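Below is a short note for a colleague, set out as numbered points. Please read it with the sequence and the coordinates open.

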Amino acid sequence: MPDRPPRAPRAEPREIAELKQLREAQPELASAVDMQLALVDIQRRIQSRVPLPWIQADAEWLKAQQAAGRPLVRFADIPLDWTDFRLTFRQTADILNRFDALEPGDHKKILALAREGHALEPLVQRWYTTTSGVEPSGDRSRADHRPDHPPSLDQVLVLAMRPFLARCAEVVMQRADLTAWRHGYCPCCGWEPDFAVITPSADRRLICGRCAAQWSFGAHTCPFCSNDDRTLITSFATRDGRYRVYACDVCRRYMKAYDGRSATRPVMVSVDSIATLPLDAAAIQKGYLG
Ligand SMILES: [Zn+2]
Ligand SMILES: [Zn+2]
C-alpha cells in the first residue's frame with residue numbers, strides 16, 4: 001500500500017481567511033476587521049463546545065407559535081452553560097472596549113454585572129424573554145431600560161448569546177417548516193434581521209442579528225415597518241454588484257444584502273457586514289438610519 005501523504009495543516013476557516021483578505025484589499029477597514037476577527041475567534045471557540053439542544057416541543061406547538069407570530073426558541077431550550085456564557089460576555093465587552101466600540105464607563109458596569117454572583121443569570125433570562133416575545137403573555141420589546149444598565153449592554157448580550165442561540169437556530173430550521181413565516185423578525189428568537197442575502201432565484205432571505213437564522217421575506221417590503229409600496233423603497237447596489245441596500249422611505253431604516261446571484265461563495269455575515277461599512281456610510285449620508 002502506498003504511503004499516505006502527510007496530512008495538510010488544518011486550513012484556516014474561510015471567514016477568517018476572507019476577513020484577512022478584506023484587510024489587505026481595504027486597509028481603511030483594518031480596525032473594524034481586527035475587531036471582527038477577535039469576536040469571531042471567541043464565538044467559534046465557544047460555539048464548538050455548545051451541544052445541539054434537545055428542543056422539547058411538539059409539532060402542534062411549533063405550528064401554533066408560528067400561527068400566532070411567536071418565535072420558537074424558549075429560554076429553557078437554550079443550552080446555556082453559565083461558565084462559558086460569562087466568559088464570552090466578559091471577553092466580548094473587553095474586545096469592544098479595546099476597539100473603542102464601548103464607552104469606558106459602560107465597560108466597567110458590564111464587567112461588574114459579569115462579576116456579581118447571581119445578577120447576570122436572571123438579567124439574561126429577562127432580557128431574552130422580553131426581547132423574543134416567545135411567551136404568549138409578553139410582547140416583543142427591544143430592551144430592558146433600567147437606569148443601571150448601560151445602553152450598550154444589548155450589543156454585548158447579543159454577541160455573547162450568539163454561540164448558544166445559533167445552535168438552537170440550527171435545530172429549529174431543520175425541524176420546523178418556516179416557509180409560512182411572513183414577519184420581519186426572527187422565527188427562532190424574535191430579534192431583528194441585520195443582513196440579507198439575495199438567492200440565485202432572486203428571493204430575499206433575512207438573517208437574524210442574534211441567532212443567524214434565515215427566512216424568506218418579500219424583497220420590496222420593509223422588515224421594520226412592513227411598508228410594501230415599491231415606490232417608497234430606495235434600492236442601490238455597489239459598483240461591483242456584490243452588495244445592495246434596501247432603504248425604507250417610510251421609517252427611514254435600511255437593510256444591506258449580499259447578492260448571491262453572481263457570487264462565488266455563500267453569504268458570510270461576519271465578513272459581509274464589515275465589507276459593507278462604506279455602504280452604511282452612504283445610506284446614513286442619504287438620511288437613513290441603521
Ligand atoms: Zn434569531
Ligand atoms: Zn420601514
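**Notes on the predicted model**

1. Cysteine 222 is buried, with a relative accessible area of 3%. The model is predicted, and every value in this note is to be read on that footing.

2. Cysteine 222 is one of the donors of the zinc ion (ligand 2), which is coordinated through SG by Cys222, Cys225, Cys248 and Cys251 at 2.3 to 2.4 Å. The four donor atoms subtend angles of 103 to 115° around the zinc ion (ligand 2), so the arrangement is tetrahedral. For reference, the ideal angle for four tetrahedral donors is 109.5 degrees. Along the chain the donors of the zinc ion (ligand 2) are spaced as C-x2-C-x22-C-x2-C. Cysteine 222 sits in the loop between strand 3 and strand 4, and cysteine 251 in the loop between strand 5 and strand 6, so the pair ties together parts that are 29 residues apart in sequence.

3. Is cysteine 251 buried or partly exposed? Its relative accessibility is 22%, and cysteine 251 therefore counts as partly exposed; the cut-off for buried is under 20%.

4. Cysteine 248 belongs to strand 5. Its relative accessible area is 2%, so cysteine 248 is buried. Setting aside neighbours within four places in sequence, cysteine 248 is in contact with Cys222, Cys225, Asn227, Leu232, Ile233, Arg253 and Tyr288. Serine 262 is 14 residues from cysteine 248 in sequence, and the C-alpha to C-alpha distance between the two is 25 Å.

5. Which residues coordinate the zinc ion (ligand 1)? The donors are the SG atoms of Cys186, Cys189, Cys208 and Cys211, at 2.3 to 2.4 Å. The angles among these four donor atoms are 99 to 119°, and the site of the zinc ion (ligand 1) is tetrahedral. The spacing of the donors of the zinc ion (ligand 1) along the chain is C-x2-C-x18-C-x2-C. Cysteine 186 is in the loop between helix 7 (153-175) and strand 1 (193-198), while cysteine 208 is in strand 2, so this pair ties together parts that are 22 residues apart in sequence. Both cysteine 186 and cysteine 208 are buried.

6. The strands named above belong to an open sheet. It has six strands in the order 3-2-1-6-5-4, and the pairing is mixed. Strand 3 (214-216) and strand 4 (233-237) are the edge strands, each pairing on one side only. From one strand to the next, the twist averages 25°. Strand 2 (residues 204-208) pairs with strand 3 in the antiparallel sense, over three bridges. Arginine 205 has serine 216, in strand 3, as its bridge partner.

7. What lies across strand 4, strand 5 (243-248) and strand 6 (254-259)? Helix 9 (residues 277-285) does, and it runs at about 145° to strand 6.

8. Helix 6 (residues 120-132) packs with helix 7 at an angle of about 90°, and their axes are 12 Å apart. Helix 6 is therefore roughly perpendicular to helix 7, a label given to angles of 65 to 115 degrees. On the helix 6 side the contact involves Leu123, Val124, Trp127 and Tyr128. These residues meet Leu153, Asp154, Leu157, Val158, Met161 and Leu165 in helix 7.

Terms used
Residues are numbered from 1 along each chain as its sequence is written. Chains are lettered from A and ligands numbered from 1 in the order in which they are written. This is a predicted model: local features need pLDDT of at least 70, side-chain atom pairs count only at pLDDT 80 or more; totals for chains, interfaces and linings use all residues. Side-chain values use heavy atoms; hydrogens and water are left out. Two strands pair if DSSP finds at least two bridges between them. Helices (H or I, at least four residues) and strands (E, at least two) are DSSP runs, numbered from the N terminus. Axes are lines fitted to C-alpha atoms, for helices over the stretch in contact, and angles run from 0 to 180 degrees between N-to-C directions. Contact means heavy atoms within 4.5 Å. Donors are N, O and S atoms within 2.8 Å of the metal (3.2 Å for Na, K and Ca); water is not among the atoms, so sites may look incomplete. Four donors count as tetrahedral if all angles lie between 85 and 135 degrees; four count as square planar and six as octahedral if opposite donors are over 155 degrees apart and all others between 65 and 115; anything else is irregular. Buried means under 20% relative accessible area, exposed over 50%, partly exposed in between (1.4 Å probe, protein chains only). Angles under 35 degrees count as roughly parallel, over 145 as roughly antiparallel, 65 to 115 as roughly perpendicular and the rest as oblique.
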